Amino acid sequence: MMPTKEHAERTTSYAMDVVVCDTETTGFKVPEGHRLIEIATVHVLRGKIVRDWSALVNPSRLIPPDATKVHGITDAEVALADMPAVVAPIVSAALRCEGAVVFHNSPFDLPFVNQLLADGGQPPFDGPVVDTLGLARGIYGVSGNSLGALVAKLGLPAETAHRALGDARMTARLLLTLASWYEEQRGIVTLTDLAAYSLDVMRRTTFARR
């Protein structure tokens, strides 16, 4: 049995206190000097989105045209945005939840989040992570698991794609859908085990795709 829209309407038997995080960036790799330019967090508590937040961030560098084509964020917009020293403490506080922080493709987003925290004088995030891409790969295999494709496949509400807040909201709904499926079909009944499973799939499938 595959996940369905009905799974999104169920709640897990365990506490689901998580913060979903998404980013938009100037490029793909932190070591190449690329930086985060937009970040969003969505707090999910007991199966409900209870609050969300987003901000543009001044990256102190130009945004390549190819990146702007994806997310639509321009140099003029980020020129007026807050610097990392202002945004990083807010992000650091938001990521301190009782459960885990959730990403769709944590190997991409987490290095950018940690670079933002470092640039803003904050310690790196080293808490539990759930990766919805790993959860999706554990069901559907390694291909066809973009956030937009999964939202469409499961009939979940769509948001503005490739903007941090819209993607974070869609990831939150995806998490709730997949978590209820994993409890029902795979017997995963703790957030800790869900996190471990998702990262194990990411480790195995990322290595396999190289």
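Is arginine 186 best counted as buried, exposed or partly exposed, and what is its relative accessibility? At 40% relative accessibility, arginine 186 counts as partly exposed, where buried denotes a relative accessible area under 20%, exposed one over 50%, and partly exposed the range in between (1.4 Å probe, protein chains only). This residue belongs to helix H7. When neighbours within four places in sequence are left aside, arginine 186 is in contact with Gly138, Trp181 and Tyr197, contact meaning heavy atoms within 4.5 Å.

The model is predicted: local features need pLDDT of at least 70 and side-chain atom pairs count only at pLDDT 80 or more, while totals for chains, interfaces and linings use all residues. Residues are numbered from 1 along each chain as its sequence is written, and side-chain values use heavy atoms, with hydrogens and water left out.

The protein contains eight helices and five strands; these elements are DSSP runs numbered from the N terminus, with helices (H or I) of at least four residues and strands (E) of at least two. Their order along the sequence is β-β-β-α-α-α-β-α-β-α-α-α-α. The C-alpha trace spans about 50 × 30 × 30 Å along its principal axes. A radius of gyration near 17 Å would be expected for a compact globule of 210 residues, and the protein agrees with this, having 17 Å. That radius is taken over C-alpha atoms, and the globule rule is 2.2 Å times the number of residues to the power 0.38.

Of the 210 residues, 49% are buried. Among contacts with a separation of 6 or more, 70% are accounted for by residues 24 or more positions apart. The protein exposes about 9800 Å², of which carbon and sulfur atoms supply 56%; accessible areas come from the Shrake-Rupley method with a 1.4 Å probe, and for residues only the protein chains shown count as cover. The 20 positive and 23 negative charges have mean positions 4 Å apart. In this count Lys and Arg are positive and Asp and Glu negative, with His and the chain ends not counted, and each charge is placed at NZ of Lys, CZ of Arg, CG of Asp or CD of Glu.

The largest nonpolar core comprises 34 residues, of which Met16, Val18, Val130 and Leu194 touch the most other members. Such a core is a set of buried Ala, Val, Leu, Ile, Met, Phe, Trp, Tyr and Cys residues joined through side-chain atoms within 4.5 Å. At least two residues of this core come from each of strands S1 (17-25), S2 (36-45) and S4 (100-103), and from each of helices H5 (132-140), H6 (147-154), H7 (164-186) and H8 (191-209). The greatest contribution is that of H7, with twelve residues. Leucine 194 touches Tyr14, Val130, Leu135, Leu175, Ala179, Tyr182 and Ile188, residues up to four places away in sequence not being counted. Another core, of 19 residues, lies apart from the largest one and includes Val91, Phe103, Phe112 and Phe125.

Phenylalanine 112 is located in helix H4 (residues 106-119) and is buried, with a relative accessible area of 1%. Beyond its neighbours within four places in sequence, phenylalanine 112 is in contact with Thr25, Gly27, Phe28, Lys29, Val30, His34, Arg35 and Leu36. Its C-alpha atom is separated by 32 Å from that of lysine 5, which is 107 residues away along the chain. Helix H4 also holds serine 106, a buried residue with a relative accessible area of 7%. Outside its neighbours within four places in sequence, serine 106 contacts Pro111, Val129, Asp131 and Leu199.

Leucine 150, in helix H6, counts as buried at 0% relative accessibility. With neighbours within four places in sequence left aside, its contacts are His104, Ala136, Tyr140, Asn145 and Leu174. Leucine 150 and tyrosine 140, ten residues apart in sequence, are 9.9 Å apart in space, C-alpha to C-alpha.

Two loop residues have a positive phi although neither is a glycine. Asparagine 105, with a phi of about 90°, lies in the loop between S4 and H4 and counts as partly exposed at 26% relative accessibility. Histidine 162, with a phi of about 60°, is placed in the loop between H6 and H7 and is likewise partly exposed, at 43% relative accessibility.
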